[in-house]
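Thanks for coming, everyone. I'd like to walk you through a structure that's new to most of you, so let me put it up on the screen.

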Amino acid sequence: MAFVTFGLQQTLSVRRAACARTCAVQGAGRPGARRSAVSTTATRTLRMSEQPLIDLRGKKALITGIANNKSIAWGIAQSLKQAGAEIGITFLPMNEKVESKVRALTEPLEPTLFIELDVQKPEQIQGMANAIETQWGGQVDVFVHCLAFANRDDLLGSFSKTSLEGWNTALSISAHSLCTTTAALKPYMKPGSSVLTLSYLGATKVIPNYNVMGVAKAALESSTRYLAHEYGPDGIRVNAISAGPLRTLASSAIGGISGMMKHVEATAPLRQAITTKQVGDAAAFLLSEAASGITGQVLFVDSGYEIMGAPPGVKE
Ligand SMILES: NC(=O)c1ccc[n+]([C@@H]2O[C@H](COP(=O)([O-])OP(=O)(O)OC[C@H]3O[C@@H](n4cnc5c(N)ncnc54)[C@H](O)[C@@H]3O)[C@@H](O)[C@H]2O)c1
């Protein structure tokens, strides 16, 4: 997605070609007059095409949640870079290996900020805000919250047996952190800034094994709406993407992810599993001025799976 202008460019070149044909026929005998009228139109249309629809040039985008090249956040980071954003990366400081792995992966995006962030540690959330102040001149236009965690035990057993500790861990890391991180960055966000988080269908429908993560995603989607309401008057938008199932480090903890992917491929209207690039491109749209009238929404990027009430092919 080298700026999302293909549709427009194509329309314009078709128009230009039609224009040239008309000129060749109608302009016979009066070449000067026809050529100037056509060239004015062409100049106007060319100027239009210089303005990409998804344009994040001049925007500083801070992205959380890159663990490896399968991460949804990695797909988003690439799309935001292609749309022209300056990139900042946070990584979960589990060990030195993680840091060097994420650093090597993201190097081609030329991040101008690279900082640790464990959302369970208030001092690291404050450290993120300090880095925006000292390294990015107190400006952040785009924030991508793309992280979640639940104890594996709470994703396998009976939902009714979820421990309080497991419940608190899942909701604190996966939902409450949207509030704490966004609140810490808010002082550095001008009108026109935008926040995005990642949800899943398990927020509103039962997905076997998703268990407490479903509750966490329901809280996350609700938080998206309340934050959108709170920050809207300051011109800051907050949205969520509900992505279809993808094989990542986080999803490998949830039993049956491969089955879900196959199910989506077989039954979703588009009959295809989704890719991190598709999520990334939709994220670039939602985070750009092209979506300036959209806030508090959950956009499904799932090949249309969510609209289905029964599998295709069900007959009487
Ligand atoms: N993979 C899917 O099928 C799918 C579908 C819909 C939504 N999502 C959501 O997308 C988001 C990204 O997940 P992913 O599937 O790309 O997996 P992933 O494992 O690549 O990313 C999860 C990220 O969360 C980070 N994280 C976990 N605990 C953290 C903490 N305490 N502080 C800071 N970061 C922490 C990890 O470091 C990791 O980078 C999650 O919110 C997930 O629920 C995933």
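Before anything else, one bit of vocabulary: two strands pair if DSSP finds at least two bridges between them. With that in hand, take leucine 62, whose bridge partner in strand S2 is glycine 88. That pair belongs to a set of four bridges joining strand S1, residues 60–63, to S2, and the two strands run parallel. To get from S1 to S2 the chain goes through helix H3, and this β-α-β crossover is right-handed.

I should say right away that this is a predicted model. Overall, the chain has nine helices and seven strands. It runs to 316 residues, and 39% of them are buried. If you take the contacts with a separation of 6 or more, 74% of them come from residues 24 or more positions apart.

Okay, back to S2. On its other pairing, four bridges join S2, residues 86–91, to strand S3, residues 113–116, and again they run parallel. The chain travels from S2 through helix H4, residues 96–106, to S3, and that β-α-β crossover is right-handed. If you want one position to look at, find phenylalanine 91, which stands opposite glutamate 116 in S3.

So how much of S2 is covered? Six of its six residues are buried. In a regular strand, side chains alternate between the two faces of the sheet. Here, Glu86, Gly88 and Thr90 point one way, while Ile87, Ile89 and Phe91 point the other way, and all are buried.

Now the helix from that crossover between S1 and S2. H3 covers residues 72–82, and ten of its eleven residues are buried. The buried list includes Trp74, Ile76 and Leu80, but also Gln78 and Lys81. After H3 comes glycine 84, with a positive phi near 100 degrees.

Let's zoom in on one residue there. Serine 79 is found in H3. Why does serine 79 count as buried? Because it has 25 C-beta neighbours inside 10 Å, and the cut-off for buried is 20 or more. There's a long-range link here too: serine 79 and phenylalanine 285 are 206 residues apart in sequence, yet their C-alpha atoms are 9.5 Å apart in space.

Next, the nonpolar core. As a general point, nonpolar side chains in soluble globular proteins tend to be buried together. In this model the largest nonpolar core has 76 residues. Among those with the most contacts inside that core are Ile63, Ile76, Leu80 and Ile241. Which residues does isoleucine 241 touch, not counting residues up to four places away in sequence? Leu196, Leu198, Val279, Ala282, Ala283, Leu286, Leu299 and Val301.

There's also a ligand. Of the 27 residues around the ligand, the ones that come nearest are Ser71, Leu147, Thr248, Leu249 and Ala250. The elements giving two or more residues to this shell are H3 and strand S5, residues 194–199. By class, the shell has 19 nonpolar, seven polar and one charged residues.

Let me finish with some spots outside the helices and strands. Serine 252 is found in the loop between strand S6, residues 237–243, and helix H8. Serine 252 counts as exposed because it has 12 C-beta neighbours inside 10 Å, and exposed goes with 12 or fewer. Leaving aside its neighbours within four places in sequence, serine 252 is in contact with Arg247 and Ile257. Its C-alpha atom is 9.9 Å from that of arginine 152, which is 100 residues away along the chain.

Further on, arginine 271 is found in the loop between H8, residues 257–267, and helix H9, residues 276–287. Arginine 271 isn't a glycine, and still its phi is positive, about 50 degrees. Buried or exposed, then, for arginine 271? It's exposed, with 12 other C-beta atoms within 10 Å.

The last one is serine 303, in the segment after strand S7, residues 298–301. Serine 303 has a positive phi as well, near 60 degrees, again in a residue other than glycine. With 18 other C-beta atoms within 10 Å, serine 303 is partly exposed.

That's the tour, so let's go to the discussion.

How values were computed. Residues numbered from 1 in each chain as written. Predicted model: local features only at pLDDT ≥ 70, side-chain atom pairs only at ≥ 80, totals over all residues. Near = placed C-beta within 6 Å. Nonpolar A, V, L, I, M, F, W, Y, C, P; charged D, E, K, R; others polar. Core = buried A, V, L, I, M, F, W, Y, C linked by C-beta atoms within 7 Å. Contact = placed C-beta atoms within 7 Å. Right-handed = clockwise from strand over helix to strand, strands pointing away.
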